[in-house]
Amino acid sequence: MAIIHVKNVSHSFGKEKVLDNVNLLIQEGEIFGLLGPSGAGKTTLVKLIVGILEATQGEIVISGKAVPSLELLTDIGYMAQADALYSELSAKENLQFFAQIYRLKKQMQRERIDNVLKVVGLSDHANKTINQFSGGMKRRLSLSIALLHQPKLLILDEPTVGIDPVLRQSIWSELRKLKEDGMTIIVTTHVMDEAEKCDRLAMLRDGRIIACDTPERLKEKLRVSSLEDVFLAYGGGNL
Ligand SMILES: Nc1ncnc2c1ncn2[C@@H]1O[C@H](COP(=O)(O)OP(=O)(O)OP(=O)(O)O)[C@@H](O)[C@H]1O
């Protein structure tokens, strides 16, 4: 069943058209990747889906509700490209702050905070303040915040930038588990091995979707061995 329907969506900043008639159906429980070079429009599309931006043209419907909708806020977990953390507070205090925004009950707060810290491998750093955190640790904490309220839909804008390969693997295995529990996940990436891990992939270039399918079918159709070759074959230029 489709959880997200992006219908004829275009978006402009001033005179610059950055998304041009985008159509997408994202199925419940899939990991959907948005792949494309810098400036292709991935972040803009993600912000439209989250409801931070309103499309100049077209419509986005999530679980039958038109975006933006306050009702959808608790259904969505969003991790932006820039970390929005309180640097004077500890990791745990940051999580407590967001847990209060989501109105989680005290007992639930404790359980969820312990759980998400474990997921991102930060349990041993819970009491450190953020200004003592590395870039990768901040990314991991941002991911844990997006998971805190157990959203149905998780939207991650370049989640593993600055994260080492070992931890990247463990985050991806966690995303798989979340998917198996029924979560729908949208991920933007430049990284090919991450794109390979998605159930389906939309390739964006200059605000247009140039191809959309499973990584295997994209490669099979063109008889090429890498997603980079698929992108080039569709006229995508270099990623
Ligand atoms: N707030 C804004 N005002 C004006 N132009 C913007 C704004 N945000 C994005 N743009 C422009 O929209 C285009 C698409 O940007 P977007 O951030 O969506 O690309 P992206 O694919 O996510 O790139 P990256 O991989 O570098 O994050 C770019 O040309 C960018 O300069």
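In the predicted model, six strands form an open sheet in the order β6-β7-β8-β3-β9-β10, and their pairing is mixed. Strands β6 and β10 (208-213) lie at the edges, each pairing on one side only. Direction ignored, neighbouring strands of this sheet are turned by 15° against each other on average. Strands of a sheet pair through backbone hydrogen bonds, in either the parallel or the antiparallel sense. For β7 and β8 (residues 184-189) the sense is parallel, and the pairing extends over five bridges. Within this pair, Leu-153 has Thr-184 of β8 as its bridge partner.

Helix α5 lies across three strands, β3 (31-35), β7 and β8. Relative to β8, α5 runs at about 150°. Residues 165-180 make up α5, which is also among the elements packed against by the buried residues of α4.

Helix α4 comprises 13 residues (residues 135-147). At 1.5 Å a residue, α4 should span 18 Å; the C-alpha atoms at its ends are 19 Å apart, and the two values therefore agree. Most of α4 is covered, with 11 of its 13 residues buried. The buried set consists of Met-137, Lys-138, Arg-139, Arg-140, Leu-141, Ser-142, Leu-143, Ser-144, Ile-145, Ala-146 and Leu-147. These buried residues pack against two strands, β6 (76-79) and β7 (153-157), and against the helices α2 (91-101), α3 (106-119) and α5. Of the strands contacted by α4, β6 is an edge strand of the sheet, and β7 follows β6 in the strand order.

How values were computed
Residues numbered from 1 in each chain as written. Predicted model: local features only at pLDDT ≥ 70, side-chain atom pairs only at ≥ 80, totals over all residues. Helix = DSSP H or I, 4+ residues; strand = E, 2+ residues; numbered from the N terminus. Expected span 1.5 Å × (residues − 1). Buried ≥ 20, exposed ≤ 12 C-beta atoms within 10 Å, placed from the backbone. Contact = placed C-beta atoms within 7 Å. Pairing = 2+ DSSP bridges. Axes fitted to C-alpha atoms, helices over the stretch in contact; angles between N-to-C directions.
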